Amino acid sequence: MASDTPLNVLMVGTGEYTTGFVGGGASGSDKKVGVVGLTLFDLRRRGKVGNLSMVGTSGGKFPAIREHLSKNITNVYNNLDTSFESYPANDKTDPEAYKAAIDALAPGSAITIFTPDTTHYRIALYAIERKIHVLITKPAVKTLAHHLELLAKAKEHGVFVYIEHHKRFDPAYADARFKAQKLGDFNYFYSYMSQPKSQLETFKAWAGVDSDISYYLNSHHIDICESMVQTLGYTPVKVSASASKGVAVGLGCDPITEDTISLLVHWVKKSDASKRATGVYTASWTAPQKAGVHSNQYFHYMASGGEIRIDQAKRGYDVADDSLPNGLMWYNPFYMKYAPDEEGNFAGQGGYGYVSFEKFVDGCRLVNREGVSALEKLDGRGLPTLRNTIATTAILEAGRRAIDEGREVGIKEGEGGAWELV
C-alpha cells in the first residue's frame with residue numbers, strides 16, 4: 001500500500017465502547033456515543049481511515065445502532081459520516097459472522113476487537129493468519145500461552161498487533177512514566193480502580209464468567225506499572241491474590257463472580273536479584289452506585305529516589321445535574337472530549353482515548369509502507385504492542401490461577417521471550 005492510502009477498518013463488537021448503544025438505547029455512562037466508532041469516523045474524515053465496517057452476532061441491532069449514531073454523532077458534529085457496512089444481515093444471527101467480515105478485507109487492512117475476553121484469541125488469530133492488523137481491547141487474552149502464540153503468528157505474517165491500553169496516553173500517567181525513569185530503582189506500586197455497581201447491569205451477562213474484575217480493570221494499572229519499570233530492568237517473578245465476594249452475586253450476577261480482586265506481585269531487577277519491589281493492584285466493580293465517577297482510579301509509585309501519586313477520578317471538573325440519577329458527576333474530558341468546537345466540529349482529537357486509536361492506525365500504515373521491519377520500530381517506541389505487554393498477561397493469568405488454586409504462582413522470564421507460569 002502507498003504511504004497515503006487510508007486504512008480500511010472492521011469494528012468487531014457493537015457494544016458500549018464501540019457505539020455507545022446498550023440494551024436498546026444510548027448508554028447511561030459517559031460513553032453514550034461510544035469511543036471506537038466516533039474516533040474512526042473522525043479519522044475517516046481526516047483521511048487516515050477509508051472504508052469502515054462493523055460486525056456483531058445479531059444483525060437485528062444494526063438499524064437501531066445506525067439511528068443512534070445518526071442522532072448522536074451525524075446530527076451533532078459537522079461532516080461526520082457514520083455509514084458502515086455491517087455483518088451479519090439485519091435478519092440474521094451468527095456468532096461467527098466475524099469470519100465473513102474479516103474475509104471481506106484485503107491484507108493490510110485492520111480490525112478492532114471489543115468483545116468478551118474469551119473471544120479475543122480466536123478472532124485475533126483468524127485475522128492475523130489473513131495478514132490483517134489487529135487492535136485488541138485490554139486484556140489482550142486471558143492466558144500467557146495465547147499471548148505468546150499470537151506474538152509468534154504476528155511475526156510470521158508481518159502484521160501489527162496493538163493492545164488498547166489507553167491509559168499509557170493519559171497525560172498525567174504518561175508524564176509519571178517519564179519521571180519514574182529518573183527516580184532510581186523501583187520499590188513499591190499500589191493501585192486501585194473501580195466502577196459503580198450500576199455497571200454490572202451492562203456487564204451482568206459475562207461478569208465473572210467470561211472475565212473477572214482483575215482482567216477487566218487491574219489490567220490498566222498492571223500495564224502502566226509494567227511500562228514504568230520495564231526499562232528499569234524489572235520483571236515479575238511471583239503472584240498471590242485474594243478476592244471478596246457477595247455483592248455482585250446479590251445483584252444477580254453468576255455465583256462465581258467476585259466483587260473485588262487484589263493481586264500481590266513480586267518484582268525483581270534482572271541485573272541484580274537483591275533489588276526487589278512489590279506491586280499491589282486492586283480492582284472492584286461494586287463501588288457505591290452514587291460514586292460520582294465512571295471509574296475511580298489512582299496509584300502510588302515509590303522508588304529509591306522519590307515517589308509519584310496520581311488520583312485521576314476527580315479532575316477538578318464536576319457537574320450537578322438534576323437529570324442524573326445521583327445529581328453529581330465528575331467528568332473526564334481528557335479521555336474523550338465530546339463537546340464540539342464553536343463551529344460545530346468534533347474537537348476531541350487530543351483526548352487520550354482518541355490518541356490510542358490514532359497511534360494504532362498510524363502504526364498499521366507504517367507497516368504497510370515499510371514492511372515487517374517497522375514492527376521492531378513500533379515495539380521500540382514503547383507502544384502497548386503484544387511484545388510490550390507480555391508481563392501484564394502473565395500477571396493477570398497468574399492472579400486468576402492463584403485464586404482458583406489457592407497458591408502462589410511463579411512467573412519465569414527466559415531467554416528470547418520464553419515466559420512461563422510455574
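Q: When do two strands count as paired in this model?
A: Two strands pair if DSSP finds at least two bridges between them. The model read here is a predicted one.

Q: In what order do the eight strands of the open sheet stand, and how are they paired?
A: The order is S14-S13-S9-S12-S11-S10-S17-S18, and the pairing is mixed. At the edges are strand S14 (306-311) and strand S18 (419-421), each of which pairs on one side only. Ignoring direction, neighbouring strands of this sheet are turned by 10° against each other on average.

Q: Which helix packs on that sheet?
A: Helix H13 (residues 390-405) does. Its contacts are with strand S10 (234-245), strand S11 (258-269), strand S17 (409-413) and S18. The direction of H13 makes about 40° with that of S10.

Q: How do S13 and S14 run, and how many bridges join them?
A: Strand S13 (residues 296-303) and S14 run antiparallel and are joined by six bridges. The two strands form a hairpin with two residues between them. Individual pairs can be followed in the structure: Ala303 has Gly306 of S14 as its bridge partner, and His300 stands opposite Arg309 in S14.

Q: What is the strand order of the open sheet of six strands?
A: That sheet has the order S5-S4-S1-S6-S7-S8, with parallel pairing. S5 and strand S8 (161-164) are at the edges with a single partner strand each, so one side of each has no neighbour in the sheet. From one strand to the next, the twist averages 20°.

Q: Where can the parallel pairing be seen residue by residue?
A: Take Leu10, whose bridge partner in S6 is Ile111. Strand S1 (residues 7-12) and strand S6 (residues 110-113) run parallel, joined by four bridges.

Q: Which strands does helix H2 lie across, and which does H5 lie across?
A: Helix H2 (residues 36-45) lies across S1, strand S4 (49-55) and S6, at about 155° to S4. H5 lies across S1, S6, S7 and S8, and runs at about 170° to S7.

Q: How is the length of helix H5 checked, and is the helix mostly covered or mostly open?
A: At 1.5 Å a residue, the 12 residues of H5 should span 16 Å. The end C-alpha atoms of H5 are 17 Å apart, which agrees. As for cover, 10 of the 12 residues are buried. Among them are His120, Tyr121, Ile123, Leu125 and Ile128.

Q: What tends to happen to nonpolar side chains, and which residues touch the most other members of the largest nonpolar core here?
A: In soluble globular proteins, nonpolar side chains tend to be buried together. In this model the largest nonpolar core has 80 residues, and Ile111, Trp267, Phe299 and Tyr301 touch the most other members. Helix H9 (residues 213-229) gives the most to this core, with nine residues. Domain 1 (7-165 + 353-384) and domain 2 (171-333 + 390-421) both give residues to the core, so the core lies between them.

Q: Which residues does Ile111 touch?
A: Leaving aside residues up to four places away in sequence, the contacts of Ile111 include Leu10, Val12, Ile123, Ala127, Val134 and Phe360. A second, separate core of 44 residues includes Ile65, Tyr162, Val355 and Leu375.

Q: How many residues of domain 1 and domain 2 are in contact?
A: 20 residues of domain 1 are in contact with 22 residues of domain 2. The centres of the two domains, taken over C-alpha atoms, are separated by 24 Å.

Q: What is the usual sign of phi, and what is the usual form of the peptide bond?
A: Most residues other than glycine have a negative phi, and most peptide bonds are trans. Asn79 has a positive phi of about 55°; this residue lies in the loop between helix H3 (62-74) and S5 and is exposed, with a relative accessible area of 65%. Lys131 also has a positive phi, near 60°. Lys131 lies in the loop between helix H5 (117-128) and S7 and is partly exposed, at 41% relative accessible area.

Q: Which peptide bonds are cis, and where are their prolines?
A: The bond from Tyr87 to Pro88 is cis, with omega near -5°. Pro88 is in the loop between strand S5 (85-87) and helix H4 (97-103). The bond from Lys138 to Pro139 is also cis, with omega near -10°, and Pro139 lies in the loop between strand S7 (133-137) and helix H6 (144-157).

How values were computed. Residues are numbered from 1 along each chain as its sequence is written. This is a predicted model: local features need pLDDT of at least 70, side-chain atom pairs count only at pLDDT 80 or more; totals for chains, interfaces and linings use all residues. Side-chain values use heavy atoms; hydrogens and water are left out. Axes are lines fitted to C-alpha atoms, for helices over the stretch in contact, and angles run from 0 to 180 degrees between N-to-C directions. Contact means heavy atoms within 4.5 Å. Buried means under 20% relative accessible area, exposed over 50%, partly exposed in between (1.4 Å probe, protein chains only). The expected span of a helix is 1.5 Å times one less than its number of residues. A nonpolar core is a set of buried Ala, Val, Leu, Ile, Met, Phe, Trp, Tyr and Cys residues joined through side-chain atoms within 4.5 Å. Domain bounds come from an automatic or database domain assignment.
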